[in-house]
Amino acid sequence: MATTTNRSYPKPDPVAVVPETVEEAFLLVKTFAEMVDVDVFNLLASVAGKAASVHGHAISDVSGLTAALTAKMDASATFNLDWLNDVSGTAGATDGWIMVKAPGGWTAASALSSLGSHSHAQSDVTGLVAALAAKADSSWVTTQINNVINAAPGVLDTIGEIATALGNDPNAITTIISSLALKAPLLSPAFTGAPTAPTAAPATNNGQIASTAYADAAAAAAAATAYGKVVRRVYLSGATWNKPAGLVKIIATPVAGGGGSGGHSNSTGTQKGGGGGGGGAAIKEILAASLGATETITIGAGGAAGNTSGSSGGTGGTTSFGAHVSATGGTGGGGVTSTGGAAGVGGLGSGGDINLRGQAGPSGSLARDFDVPGAASALGTGYAAHQPTSTSAGNAAPVNSGGGATGSGGNAKQADGGLGGSGFCIVEEYYV
């Protein structure tokens, strides 16, 4: 009986001397098939417990592999020299340091410290002593610098400061000479163009140059005090003043009315009625620009006379020129009852450059052989005359005089007082 080479399976033998019969060959094939079935079954069972030829495993599938890998360094890690067993101090080393071999191993250090500190005498350097001897010392340099500065001020004791002062102009001297050539000489200079000069104060009288502005101002001041025409107008009653053309200024002088004298009522006494006070006055210069096209002139009336009942005289009226200047009237003299009349008080100017008070009227309390005189105005006008006798009424002051009236009679004589003088206004007009 023939068999297979590896597993010795029975098989028909076609070259046997006595060939098998069909039944024998069939049995051999059957046995062969059964043996192959057993081997295949066992083989499949064995292969089922084996891994595929191409397969993978998780790290955890390999016993101890996770712990082993944890103890290893990552492939991307970098290394420090200090990790070497015989090297230290490299982690904090400065750029330019070197590695130096020390008894305990290698360490980082600066090149200078590695070499160590040392010194040399000047003579150790060939030619150094002779070279230094040929150089200037600091005291010589300081002396030379001081000679150059030569007590120059602090703001000009360096080359840079001098250059700045010269405007950093490399041709400063030429520039200065060219500028000086354009200047006029001090002796008899001849100016061109429109030279200017400081304007002197008004009324300057010395060798200072008089500019055109000074000359114009001086001419204007002279013109303001020189007038081609002056017109004086006297107003004795109220009026409207009209500003004329060409007017420069006016001087207004209002004089107020004088006070009336007191009346006499006593038929037994010797006292007199008090004299009226003089009217006040004012004088004011008014420029034409400050005047209206028209101005109202008011003339103060004389104060009323006292009567035989012993009444006081009336106060004189106010005289005014517009709202610019005015003067109040003198008060009336006191009347006589059992005593002499009180003196009238003079009026007073208001708003003027000069304000004047009128004369006070005399008191009538003294026994006299003649009447009390009237008071003059602030300008000295309107003095009423004495009565020739002591038994008549007081004399009225002159009209438009601003004077006060004389006192009324006495010596057991009842009499009226006198009327105060009315005021007036003088307007002087100044023209170019």
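User: Is Glu285 buried, exposed or partly exposed?

Analyst: Happy to start there, noting that this is a predicted model, where local features need pLDDT of at least 70, side-chain atom pairs count only at pLDDT 80 or more, and totals for chains, interfaces and linings use all residues. Residues are numbered from 1 along each chain as its sequence is written, and side-chain values use heavy atoms, without hydrogens and water. Buried means under 20% relative accessible area and exposed over 50%, with partly exposed in between (1.4 Å probe, protein chains only). At 39% relative accessibility, Glu285 is partly exposed.

User: Which residue forms a salt bridge with Glu285?

Analyst: A salt bridge here is a side-chain nitrogen of Lys or Arg within 4 Å of a carboxyl oxygen of Asp or Glu. The closest N and O atoms of this pair are 2.4 Å apart. The partner counts as buried, at 10% relative accessibility, and the residue in question is Lys249.

User: Which strands hold Lys249 and Glu285?

Analyst: Strands (E, at least two residues) and helices (H or I, at least four) are DSSP runs numbered from the N terminus. The two residues are 36 apart along the chain, so the pair links distant parts of it. Lys249 is in strand 8 (residues 247–255), and Glu285 is in strand 9 (residues 281–287).

User: In what order do the 5 strands of the open sheet run?

Analyst: Two strands pair if DSSP finds at least two bridges between them. The pairing in this open sheet is antiparallel. Strand 6 and strand 14 (354–356) each have a single partner strand, so one side of each lacks a neighbour in the sheet. The order is 6-15-8-9-14.

User: What is the bridge partner of Arg232 in strand 15?

Analyst: Strand 6 and strand 15 pair in the antiparallel sense over 7 bridges. Arg232 lies in strand 6 (residues 229–235). Its bridge partner in strand 15 is Glu428.

User: How far apart are the closest N and O atoms of Arg232 and Glu428?

Analyst: These two residues also form a salt bridge, tying together parts that are 196 residues apart in sequence. Arg232 is exposed at 55% relative accessible area, whereas Glu428 is buried at 14%. The closest N and O atoms are 2.6 Å apart.

User: Where in the protein chain is confidence lowest?

Analyst: The score is pLDDT, the predictor's confidence in each residue, from 0 to 100. The chain has a mean of 81, with 86% of its residues at 70 or more. Confidence is highest in strand 10 (residues 294–298), at 98, and lowest, at a mean of 70, in helix 3 (residues 111–115).
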